[in-house]
Every structure is written in structure tokens, then in C-alpha cells.
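The following report describes selected features of a multi-chain model. The sequence and structure are shown first.

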Amino acid sequence: MSLTERLQAFHQAVAWQGEIPLQNRYTMGLAGERFFREIRDHARLMGTRCPRCNWTYLPPRLYCERCFAELTEWVEVPPSGTVYAYTVVHVDLDEQPLTEPEVLALVQLEGCDGGLIHRVLAAPDQVYIGMPVEVVFREEREGSILDIAGFRPA
Amino acid sequence: MRMRRVAVVGAGMTKFVRRALETADELSWQASKMALDSCGLTLADVDAVAFGTAPDTFDGVHMNGEYCAPGCGAYGKPFIRCYVGGGTGVMAVIHGWYHVASGLFDTCLVVCEEKMSSCQPHPQGAFLTIFDHTLERPLGPNLLWIFAMEMNAYMTRYGLNKRDIALVTVKNRANAKDHPCALLGEEITVEDVLNSEVMAWPVQRLDVSPISDGAVAIVLAAEHVAHRVTDKPVWIEGVGWSLETAYWTNRDLSYPLQVEQAARMAYQMAGITEPRKQIHIVEPYDPFDYKELHHLEGLLLADKGKAPEMTALGVTRRDGDLPVCPSGGLLGVGNPIAAAGLMKVAEIFWQLRGEAGRRQVPGNPKRGLAQAWGDLMQVGTVVILGVA
Amino acid sequence: MSERISSYPGTPLKERDFAEGKVLFQWWIPRAHYAWDAGVAIGRFLRELRAGRLVARRCPQCRRVLVPPRMVCEHCFCPTSEWVVLPGTGTVKTFSVCYVTWDMQPLDEPIVPAVIELDGAAPGGGIMHLLGEVRPEEVHIGLRVEAVFRPVEERTAAITDIRYFRPIGEVKR
Amino acid sequence: MVEKIAIVGVGWYGFRSISPELSYKEIMYEAAVRAYADAGVDPRTDVDSFVTVAEDLNEGTSIFDEYVPDQLGAVLRPNVTIPGEGLHGLITAYMQLRTGEFDVVVVEGHSKASNILYPSHILAYAMDPIYNRPLRAHPYFIAGLEMQRYLYETGTTHEQCAQVVVKNKANALFNPLAAHPATLTLDDVLDSEPIAEPLTRLEIAPLADGCIVMVLASEDAARALTDRPIWILGVGWANGSYGLEHRDWVDVEYVRQAAQMAYRTAGIRYPRGTLDLVEVDDTFAYKELQHLEAMGLCGPGEAGRLTEDGTTSLEGDLPVNPSGGSLGCGHLLDASGLARALEIVLQLREEAGPRQLSDVHTGAALSWRGIPTTSAAMVILGNED
């Protein structure tokens, strides 16, 4: 038998408000620690390579997700590549309209099988699939993905 | 209809540490890789992956299973995460068991991971929100409250004192000295426990297991594969799990009925009629010292209220009649929630194969039991392993 | 295990490694806010608290009076059928004396959370709340207590409309 | 081991855009009562195990599995929560039954999405915390990237994606469960607010509240309980690469692998000729097309045309999402896959009312866990022995 009593008036419907109050501090991991130090200290991108699968991971991984080998071979990846996919985003993280739409792209970098996702520092109508771009490092770097300002047309 | 037999054929684990540099998926990979290497299998030999991790608020990733999946070797493979709070580590083995026992897969990699240190300012923060959002959270509860109230109910019911219970911490920390992955292996005394800071009476600091990061993995295989992989398969003889009402304030907290239910299910499946004779080693869940005692009683391995006496008599020491937590348990090795539960299963696996090194219990044990527990003092999960 | 494997992975860090910049890290604060529908049972429970009453639900089959109230009896799996007003008194079923905050900082004054078995509810039935107007060393299992409601104007239809439970009778305040 | 497993009872509550009249426990009870009545079982005596599907962050409670047993009649019984997609839960119940240790197992999934105040932040919390999340972009950007590459690779048009919305929301008009039915034109969809171009507002499935409970039984138990069991013919599930930078953005390999496993376990060699209807994830309109192709029901880039020419409509040769899909029914978070499977059950039982398809015997439900995941699951159901 289903419920035998239900709310009968709108004002009886109440909601209790609350939150999950916490913050997180993430370490970068064995691979990420090196990746971000290289960016911070040398403004260069380093990936890891699986010789068996002939696959270069960027961002680097500690292990090959295809064969599970530990990846110990680090290779420098040039900071230039092409736009693989892009999108013009019109809302911010709070789902509020952005006054200036922004362009995000997945950029395939040369010499690796991965790439990076970041903002494209160009007007939306200038961006296209296959567009050559290069990574722009910030002057002040502290060891995070935000040490990269984005991609600019190459 | 005959059930498909499932064996544990390999195991691996990371150190349990207070704060790991590794990301959650890297910890998962380290344990998984070691488990596969230990039995000479490769990722290509894995048919499916069963994963366990406790609240996402520890790791700080919603749908944390997806984040960890590549590290568990799940790329291109069937992958399902299971979750019963603190009971997850042992549940994950049950979860893996039905992957193989169903006949869908011949092998299954079982991985459990926890990275509690990501949760700031204190990992206990994740536990604030395990309470009912409307009726309990506004009172500002912390996790210690429920343990303290359960411990108090247990002590009062059977007239126990703190000294009886502190022996568990002393034993487990000493056992953990022989565990290469342990966080807190050391000799301490009952006085150390009794003199440690009172946090939420009757719980004192040394009654509690340490918050930790870590991962554990085991490899399950169907019978025909198990025999090919190893000459020492360890069989899953029985599994059981049970969940009590969420209305924990309506329950008798002096006895873990859900653990008894889970144990009875597992005993029946394993054909065990006299557990005290037929179980040779036990890894009951010990996030707090009294929990080991509580669980020995729930598992029907001690009379109600009598587990402290068993402990005092030395029965539960590594060289006693019924070695309990020979690994060092959560109190000694550490408590990365889901990984800690799976560590217990791995310990039974190593013990039954005679591979536990300095932790090896004497007398060639043939059957062992691992148990975990969690939620609002509510879930029991039991796995029985044997080499008979 | 120990025979085959000589070293185990896992790289421990110390808290000062973060403070001293020896390790990189990334912060995030999730915005995990909710408005949980209270529904029939808890909605009424909260409204009654504002009116200064504790209410429960009775199961028509096993006749248990259930608190916190719910619209289904978990034993009989049938809808509960009747509201029951409880007197607001009860007995301490178990308790703790807590000296630390949730993040393990010391409290100035200990607080005493307890499970209170409420009079009029099925045996063993109760709720969690705090004890007040009592010294921690005077609290014991079996202590008789009563709900102390906040003044009407301070109530918000919340569990905290009960300020705490306090001993009934001779115990010194 | 037991080979044959059936669904013998289904129940639901909702679906609707908000549900302030009941708590999550109460909607679970309402759906469970209906499923147990449908199956003719008493959960306190007849059900051996319970599987629920939930993610903590969707519920606002850590260790949410604490709160499930009471309203399902599951107290002091085996219960496990699957923090996965609804179909992962259904498959878990299926695996338990196949061991032969259980006769009847129940699976539950629900959504109280309306209780989440900032759903975009919850989605963002699922993204890689080091490489992606610090950009603080709305997670829909992932769908925008994928859709754009999909259109580029396959030549599918934006109009064809919009046609999915028109079709599914129209199908939902005939589904009393649906929370978001509508009569729309292509232009309505294309001209709706751009979110992550090319993706527009109406191409995103709106959230909904609801609950679905299903009762599964092993062959003997199923035959004893009902004369119209819906057999689970095949199951499949798979993960791809989690990393946005590492995954294959063109070949939706996790869907392809899940489908291949489902076809293999069901013994189906020619899916297009065997499946009479399918319900597939349509969290974003282009996903329906991409999923149909990855499931091997048409070639790459063909799904758009099949949508345009009506093949996937209620009257077509291969009806897709006759329920209205998530676009029409509302996205039920973790329970979405169960909603897809529910429609297959109702259709195979000929209980689908005004949207009932004729002469249907085999159907498939496919789910995806949503961004940023690469996780898919599929079940194939049939009404013939």
C-alpha cells in the first residue's frame, strides 16, 4: 500500500538547506609533480612515453593505461600544436551568462598523443579546427595548470 | 546447481601513509600493478574490474570511481564501483566474487583506494555529512560521537572498562611492527592508551586508527584459471553482507546484529557449522579498539561481552588459539577506509599461503575470515577464505 | 608477500612539505549546497517542533511508535498510520562527553551528545541530541531527561528548536 | 550458476521537474511499493538482496547508502550501493542472480536533482582536479568540444542534432511519466540560448526528480512469479580513458565495447535486424546520434540522416527513445539508465499506452554516466522464451 497521508497544502512543503562544507588540497602526484615543476621552473612541457605502446602521454602519466607499464621515459613536447576541437562557452561555472564568451579548446601538441585543454586567446570567430596555436606561459609561475595563460594563434 | 568456485590468486598494496604524494589513480595503479605482478598476470588477462572507495569527499572528486578507473586497469574493460561506507573494502571482494561466480568473467581485478588527506582542513570533515541532513547535522555532530556512544553502550552493557579494551590497540600496533606497509607499528602499553588525550569519552586518541592514504588490490580467478595461475589458490568459500536500519538511534548499540547476519550468511555458504573451530584466523574490522571485540562477538567467535576476556587471556595474539588481526589491523597498519578493508582480505590470503613473513601465524591455518563494517554503525561485510 | 616483494610503493609527505613549498598542490572549494525536500514525515516533525511538540508515527501492524517519524515501518513494510504526540521526556540510552571539534581542535567546554530514548516511543526508540544543564560527570545511562525548547520567537522549525535535553528531578543543576 | 534472469516487476515515482511533496525516502517507497505489487513479492520475505544506485554528491550526503534500506523493506538484508549508472545497478543485480545464490534481487535508482542548488558545481567536482578543474569553466564545455568534433568528423549537421530534440520531446507528449515534453520546431532548438557552441540550451536534457525500482528473478522464480517475464538477454559495460586529453574523441570506444559485450552475451550477430527498439542516452542531443553509431546500429555519420528521415521516430523502422529519452522525460542523474530500461520493459509488455509500438520483442537500453566520464552500460531485453 502506498503512503496513506500526503501534503495537502503548498505551504506544508518545506526544504531543509545545508551544504557539504569542505575544501580539498590535491597533490599533483608522481607524474604531475614533475610536469608542473618543469612548467614552473623551465616553462616547458614534459610528457611520459610508453615505448611498448609507442604512446606519449601529455599530460604525463605514471603508468601506461593501455599496457600498465610504469613510464620512466620523459620527453619534452614542443609548445605548439593544432586545435583539435573548440567550443565557445557562454556561461560561467555558476551558470550565469558571460559578458564575453570564451573559447576553450583541446589542442593536440606536436610529438605526443595527448594534448592540453585551455582557453584560446583569440576572438571566437577566428578559431577553427586545425588552427595552429602555441602555448603561452605566464611570467609569474607557481606550479599549476594556470601557469599557462592559454593558446595563441601561431 | 553448483556454484562457480572463485579463488584469490594475487595481491598487492601500497604503504599506508598519512599523506601520499601520489594521486588517487596513481595509488590505485601501484596496488593493481603489484597484484598482477604477484601472480604473473598482465592487464590483458584481466576481464573486469571491481572497485571500492569510500566517500568522494575524501578524495575530493565526484564520481571518484571514474577518476581512479585508469589506475585500476579499467581502460577498455567493464568497471563497476561498489560502496557500503566502511564496509566497502570487504564488499569489493564480494562484488568481484559475483563478477566471476556469475560466469560472465574468468578473472576480476578488485581494487580499493582511499586518499583521505585531500580532505581539508581535516579528513574528519567528510564525516560531518554522514549524519541525517535535517535532524542530526544541525547539532554539529562529529564522527567520534557515534563511536563513543556505541562504545559506551557496549561497555555499560557488559560492565567493561577501558583497560580491557586498550589491550586491542596494544596488540595490533605491536603486530603492525612486522607489516612493511604499516603506519603505526610500535610497542605501546595499556597505560599509553589510557593516558592518551580524551577526545570523546570513552574514546581516547589511542583507541582510534589513523587517517591514511593507500590502496590495495587483489586478483580473483575462476577455478580453471586459478589452477593455471598458481599452485596455491585461496578459495572464496563464503560471502555475506547485511545492512541495518538507518535509524541508528532506535537500535541496540551494544551488539552488531548486522555483522551476525552477514556472518551467518557467509558461514552457511561455506558450510561452516562451528565457526570457533573452523575459522583459524580472523581479521575483524578495527577502526577503534572496541570494534575488534564487538565484531568478534558479532561473528559468533566470542560470547557476547566476552571478547575482552579472550583478548586478556592472549587467545587473540598472533601465537594464540585464534589469531586476530595478525596484520596489525587498522589500528596498526592504518585506515584508508576501503583500502583498509581490502588489506584484511589480502592478509588472510598471505597468511593462508604461508607468505606473511614475520607476521606468519603458526600452525598452517587453513581457513580465515575478513570482516568490515561501516555506515552509521550499520553494515557488516564478511568474506571467508580457505585452502582446504 | 614479504618473500617476493622487497619494497612497497607510496610516498609519504609531511604537513610541513606543503608549508615549505617542497611539494606542489592545488586547492578547490566545492559548492555543494542543497535544499532537501523534507517531505511528509519530517516536514510535519519540523512544524511540530516549532509548536513545541515532539511527534512520532505509529505502525498499524506492529503498533510500534516510531521516532524519528517515518511514513513507512521498516519492519512490516507498510505505511504508518497515525501521528502520536510524545511527552518530550525520556531516558539517556547512551552518551559521550566530547572534548574536541570535528577537526580535532579542543573545545573550551565539553559537550554531551546522547541518544535519548523517548517516552511514548517503541522501546529503544529515540533521537540524538545534546544534554544541557548538567555536569558531564553526572551523566549516566538511564538518566531521566526532558526536552528544553527555545522560546517560541527563536524557533525555526528545526531540530535545534530543542535547545537540549536536561535532567528531570533531583540532579543538581 | 543460473543463465536466465528476468525482470518481473517495475515501479516508479515521477518523473517531474521538482517534487517538494515527498522526501527522497518517500519517493523510494512509492516506487518500491509499485514494483513489489507488480511482481507480487513481499520484500521482507521474498527478496534475497537489494542493489541501489547513488552518488554521494548528488544526494548531499556522504556515505549515502546508509539511508536506503528502510523504505525498500531491505533492513538487515544484503544491500549494496553502486555509485554508478542505473544500468550498472541492474547488471549488479543480474550478476548476483546468476551466481545461483539468490532467487529475487531488487534494484533501485532515484533522482532528487531539484534539491541540488548548483548542479554545475557538482559536475565540475567530477573533473580532474589538477589539469582541468582549475580553469573554472562550466563543465558543459566538454560536450561542446565533443559535439563540434563529432559534427566535423561525420558531416552530421546541427539541424540533425536538433531533430533529436524535436523527436524526443514530441515522443514525451505520449508518455505520462515524462517531465519535459514539448512541441518544438528545429528553429526553436537551434535558436535557443547558446551554451557551449555548437550546443544550445534545448539540446541539453533538463534534470528531473523520480525513482525507479525493478524486481529481478532467476528463471525458476520468474516463472513462478509471472507469466510475462522480461528476460535479460545480454549485458555489457565498459570504461574508456578518463583523461580528457587522452581519450579518443571520435571513436566512442566505451559505448562500442559495452554494446559488443551485450550483443555477445545475448548471442546477437545482427543488432540492427534484431533490435525492435532502443532507448539510448541523450543527455545531449548529439549523444543519441553518436551512441546509435557506436552501438553499430548504423554506420558512422548515418544516425543524423536516420533521424531526419524518420527511421528513429515512433513510426519508423528503428524507434529510438520512444519514451522521450532524457530530453523529454528529464535527466534522472544516476537513475537515467533505469528510465531507459523501464521504457523497454513497458513496451515489451505492451503497456506503453499511446506510444505503444507494435510487434516488439527485443529492445536495448544504453546509458552513459555523463560528462566527464567515459563509462557506458547496456542491457538487451526480450519478451520471448
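A residue is called buried when its relative accessible area is under 20%, exposed when that area is over 50%, and partly exposed in between (1.4 Å probe, protein chains only). This is a predicted model, in which local features need pLDDT of at least 70 and side-chain atom pairs count only at pLDDT 80 or more, while totals for chains, interfaces and linings use all residues. Residues are numbered from 1 along each chain as its sequence is written, chains are lettered from A and ligands numbered from 1 in the order in which they are written, and side-chain values use heavy atoms, with hydrogens and water left out.

**Chain D: a buried loop residue**

D:Ile371 is buried, at a relative accessible area of 5%. D:Ile371 belongs to the loop between β10 (362-368) and β11 (375-382) of chain D; helices (H or I, at least four residues) and strands (E, at least two) are DSSP runs numbered from the N terminus. From D:Ile371 to D:Glu315 the C-alpha separation is 31 Å, with their positions 56 residues apart in sequence.

**Backbone geometry**

Two loop residues of chain D have positive phi without being glycine: D:Leu76, with phi near 60°, and D:Arg136, with phi of about 55°. D:Leu76 counts as buried at 18% relative accessibility, whereas D:Arg136 is partly exposed at 46%.

| Residue | Phi | Loop in chain D |
|---|---|---|
| D:Leu76 | near 60° | between α3 (56-59) and β3 (79-82) |
| D:Arg136 | about 55° | between α5 (119-124) and α6 (140-154) |

Cis peptide bonds, with omega near 0°, join B:Gln120 to B:Pro121 and C:Val67 to C:Pro68. B:Pro121 lies in the loop between β5 (119-120) and α5 (125-128) of chain B, and C:Pro68 in the loop between β4 (65-66) and β5 (72-73) of chain C.

**Overall form of chain C**

Chain C contains 2 helices and 13 strands. Its radius of gyration, taken over C-alpha atoms, is 23 Å, well over the 16 Å that the globule rule (2.2 Å times the number of residues to the power 0.38) gives for 173 residues, so chain C is more spread out than a compact globule. The C-alpha trace of chain C spans about 65 × 45 × 40 Å along its principal axes. Of the 173 residues of chain C, 57% count as buried.
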